[in-house]
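Dear colleague,

I am handing over the structure we spoke about, and below it you will find my notes on what turned up when I went through it. Please read them with the structure open beside you.

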2 protein chains.
Amino acid sequence: MKTKAVQDFYEERFAHCYGCGRLNKDGHQFQTFWEGDETVTRFTPDLNHISLPGFIYGGLLASMIDCHGTGSAALAYAKENNIELEEFNAPRFVTGSLCVSYKKPTPMGPELVVKGKIKEIKGRKVVIDATLTVEGDVCATGEIISLLVPEDFGQK
Amino acid sequence: MKTKAVQDFYEERFAHCYGCGRLNKDGHQFQTFWEGDETVTRFTPDLNHISLPGFIYGGLLASMIDCHGTGSAALAYAKENNIELEEFNAPRFVTGSLCVSYKKPTPMGPELVVKGKIKEIKGRKVVIDATLTVEGDVCATGEIISLLVPEDFGQK
């Protein structure tokens, strides 16, 4: 049986994100998992996600790092608080800030792999360091500050 | 006659970007202009560009700020170097780094407006401060470091 991603455990109302919502058929449907002590998101872009010829659009890379951050934060927060993930109890984070450093042009074709290290987890905030590689080569790095969505979101 | 955007003056090979390429029919086709001493990019997202219900996906906002940065850099570099823009001589920049701070959820519906101030221009590097507003309300700010594409790009 395929391991489920953290995004599979978001409440339905939180599962429409263009980046990582399992219910957004037009979106990227990024999926984030634990891989040892790190988190991982893998994605192979469409050919139209280009920047300059032969390379991936930086906005797509930023999007991938963004949702990798919120997914990683949800995984880390659940672990920290002994929440066993099931349908549909995953904590939902949003992005407070996102910084991406583009180290070299990211080639079009092979799978993109973003790995995350949980740098800080304190209260409702989780900070994640992300590294994006293609075939082992670092193409971009990022830092994401993720914030837990208030429980009364949408009820005020 | 409609004023042309800087992206209308990119060489054809540099006009396929998913964010701002006039020749990418699947992309966002962001367009950037001077507006006084500032630069501006306006865009109304599709309904599927959501994050949480009622709000815009942060990856789309990062994408818009990203291309606003490269477009603003091209405009600033052309002005600084007395290049009169015509088909197809616009300098082409790529993003070295992108930082976005999400100040509040960005509502779905009205037009998004990103304005840019040229913070630094030195050699091949241009630094831009960006502010994203919706109906005058600041929803996100960003800093983009843009780098001029080498003239021999793709010839090596």
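In this predicted model, A:S97 stands opposite B:S101, a residue of strand 3 of chain B, and A:C99 likewise has B:C99 of strand 3 of chain B opposite it. These residue pairs belong to the place where strand 3 of chain A (residues 93-102) and strand 3 of chain B (residues 93-102) pair with each other, in the antiparallel sense and over 5 bridges. Helix 1 of chain A, which covers residues 58-80, packs on the sheet and touches strands 1 to 6 of chain A as well as strand 3 of chain B, its direction making about 130 degrees with that of strand 3 of chain A. Helix 1 of chain B (residues 58-80) also packs on the sheet, where it touches strand 3 of chain A together with strands 1 to 6 of chain B, and its direction makes about 130 degrees with that of strand 3 of chain B.

As for the sheet as a whole, it is open and has 12 strands, paired antiparallel in the order 1(A)-2(A)-4(A)-5(A)-6(A)-3(A)-3(B)-6(B)-5(B)-4(B)-2(B)-1(B). Strand 1 of chain A and strand 1 of chain B (32-35 in each) stand at the edges with a single partner strand each, and therefore one side of each is left without a neighbour in the sheet. Direction ignored, neighbouring strands of this sheet are turned against each other by 25 degrees on average.

At the chain A edge, strand 1 of chain A pairs with strand 2 of chain A in the antiparallel sense over 4 bridges, and A:F33 stands opposite A:V40 in strand 2 of chain A. The hairpin of these two strands has 2 residues between them, and in it A:G36 takes a positive phi near 65 degrees. In the segment before strand 1 of chain A lies A:Q29, which is partly exposed, since 18 other C-beta atoms lie within 10 Å. Leaving aside residues up to four places away in sequence, A:Q29 touches A:C20 and A:R22, whereas A:K119, which is 90 residues from A:Q29 in sequence, is 25 Å from A:Q29 in space, C-alpha to C-alpha.

Returning to helix 1 of chain A, its 23 residues reach 32 Å from the first C-alpha to the last, which is close to the 33 Å expected at 1.5 Å a residue. The helix is mostly covered, with 20 of its 23 residues buried, and A:N82, which follows helix 1 of chain A, has a positive phi near 55 degrees.

Turning to the contact between the chains, 35 residues of chain A and 35 residues of chain B take part. On the side of chain B that touches chain A, helix 1 and strand 3 of chain B each supply at least two residues, and strand 3 of chain B gives the largest share, with 9 residues. Sorted by class, that side of chain B has 17 nonpolar, 15 polar and 3 charged residues.

Finally, on confidence, chain A averages a pLDDT of 97, with 99% of the residues scoring at least 70, and the model scores ipTM 0.97 and pTM 0.98.

With best regards

Key: Residues are numbered from 1 along each chain as its sequence is written. Chains are lettered from A and ligands numbered from 1 in the order in which they are written. This is a predicted model: local features need pLDDT of at least 70, side-chain atom pairs count only at pLDDT 80 or more; totals for chains, interfaces and linings use all residues. Two strands pair if DSSP finds at least two bridges between them. Axes are lines fitted to C-alpha atoms, for helices over the stretch in contact, and angles run from 0 to 180 degrees between N-to-C directions. Two residues are in contact if their C-beta atoms, placed from the backbone, lie within 7 Å. The expected span of a helix is 1.5 Å times one less than its number of residues. A residue is buried if 20 or more other C-beta atoms lie within 10 Å of its own, exposed if 12 or fewer, and partly exposed in between; C-beta atoms are placed from the backbone. Ala, Val, Leu, Ile, Met, Phe, Trp, Tyr, Cys and Pro count as nonpolar, Asp, Glu, Lys and Arg as charged, and the others, Gly among them, as polar. pLDDT is the predictor's confidence in each residue, from 0 to 100.
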